[in-house]
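Today I am opening my notebook to look for pockets in a protein. Come along and read over my shoulder.

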Amino acid sequence: MSTGTRGPAALVLEDGRVFRGAAYGARGRTLGEAVFCTGMTGYQETLTDPSYHRQIVVQTAPQIGNTGWNDEDDESARIWVSGYVVRDPARTPSSWRAKRTLDDELVRQGVVGISEVDTRTLTRHLREQGAMRAGVFSGDALGSDEQMVAEVLASPPMKGADLAGEVSTDSPYVVAAQGERRFRVAALDLGIKSNTPRLMTQRGIEVHVLPSSTSAEELLALEPDGVFLSNGPGDPATTAHATALTKTVLEQRIPLFGICFGNQILGRALGLGTYKMRYGHRGINIPVIDVATGRVAITAQNHGFALEGEPGQRFDSPYGAAQISHYCPNDDTVEGVRAFDVPAFSVQYHPEAAAGPHDAAPLFDEFVDLMEKKA
C-alpha cells in the first residue's frame, strides 16, 4: 500500500487488531469508539451530527469526499466525530456547492483520520466483534503496536458515558416560526441537529432550544404547547435529569415527541430499560416497521444503545398503557414507543435526516396533530 505524500497512519482496536493506511485530515492521535456508518451520501451531515461525539466513524461507502465541503449542510457548529476512517478519499471534489475539500476541513478542525484502509474487512470485524474502543495514530503520534494498544485500552468506554451535556447549547435560543406562529415548542438540546428546528418552523412552530440542564420550572415557565426530546450521544442510563424532566412533562400531559436519544429517554421515563447494542445502527438505509399499520419506512439512524422490549409489546407505565410501536425487521430492535393515556410518542430513527431518506418526515405532522388536539 502506498501512502504517497500523506504519510503512514494506523487504526488500532482495543482487541489488538491494527489496520495500516495513510494519514487523512489532521495528523496526531485521537481516541474513541470505532463504529461503522453505511450511508452512501451525507458524510458532511454525519461528521457534524453531535450524536457521533467521541466516536471514530468508519465509512463503508468506498469513496468519500466527492462533493467536498460546503457552508450550508452542517448539522451543528462543528465536526463532532473524534476520528474518521475512509477507504478512497476523492482527489478533487466535484460540486458547484463545494467551498473546499473534505481533507482541508478535517485539517482545519483538527480531526485525525486515516485513509486507504480496507473498510470492508474492518466493518466485518466490527460486526462480528462489536463496536469497540479504538485510536487513530499518525505523524509523531505513531508508536509501537503495544504502545498504541495500551493507549486505546486506557481510554474510557462508551457504556456509562454521560455526553449530552458536552454537546448541548450553553444558553437558550429561539428559532422563529415560518409565517404565522401556531405553536410554541420547548426542545431539549441533547445534541440537536440544525434541520430539526427547521422542519418544525416550516409547520408554524416557534422552537425554544434549551440546554440539557434546564429545570422543570424553567421549561414549564415557557408554557409550551409541546416538548421535543432531541437526538444525542452517550449512554441513556446516565440521563437521570432528562428522564426526570420527561416525567414532569408526562405528568402535566404536555404533548411530547422524541427522536433517537429522546426515544430512549421517553422509554426510560415509561419504565423500560436500555442496553448497549453489539454494533448499533448507523446509516441511511435501515428499515423500520410501524406496528399499527405494517408500513415500512427506510430510515436514517445513529444509535449504539436501545430500549428493551419486543415488537408490538404492550406494557403498563406509571402514566397508563403504552406500546412498543416500531421495530427493525433486521434484528427486532425497538424503534419507537407510544403512550396511550398521555400525549407522548417517540422513534429511534431520524425523521429530520437532511441527507435523506425522508420517509419519516410526516412524524412532525403527527406531533402537530397532538398539539392541536391538546389545544
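Entry one. I looked up the second largest pocket and found about 420 Å³ of space in it. I keep in mind that this is a predicted model.

Entry two. Which residues lie nearest the centre of the second largest pocket? I noted Asp290, Thr293, Arg295, His326 and Leu363, out of 18 lining residues.

Entry three. I then asked which elements supply at least two residues each to that lining. My list reads β15, β16 (296-307), β18 (320-327) and α10 (363-374). The largest share comes from β18, with three residues.

Entry four. I sorted the lining of the second largest pocket by class and wrote down nine nonpolar, four polar and five charged residues.

Entry five. Next I turned to the largest pocket, and its volume came out at about 510 Å³. The elements giving two or more residues to its lining are α3 (119-129) and β15 (274-290). I had already met β15 in the lining of the second largest pocket.

Entry six. How many residues line the largest pocket? I found 23, and Phe36, Thr38, Arg127, Tyr279 and Gly280 are the ones nearest its centre.

Entry seven. Which element gives the most to the lining of the largest pocket? It is β15, and I wrote ten residues beside its name.

Entry eight. I finished with the classes for the largest pocket: seven residues of its lining are nonpolar, nine are polar and seven are charged.

Definitions and conventions
Residues numbered from 1 in each chain as written. Predicted model: local features only at pLDDT ≥ 70, side-chain atom pairs only at ≥ 80, totals over all residues. Heavy atoms only, no water. 1 Å grid on protein atoms, 1.4 Å probe; cavity = no way out; pocket = protein on both sides within 12 Å on 5 of 7 lines; lining within 4 Å. Points joined across faces, edges and corners; volume = space filled by probe spheres on them. Helix = DSSP H or I, 4+ residues; strand = E, 2+ residues; numbered from the N terminus. Nonpolar A, V, L, I, M, F, W, Y, C, P; charged D, E, K, R; others polar.
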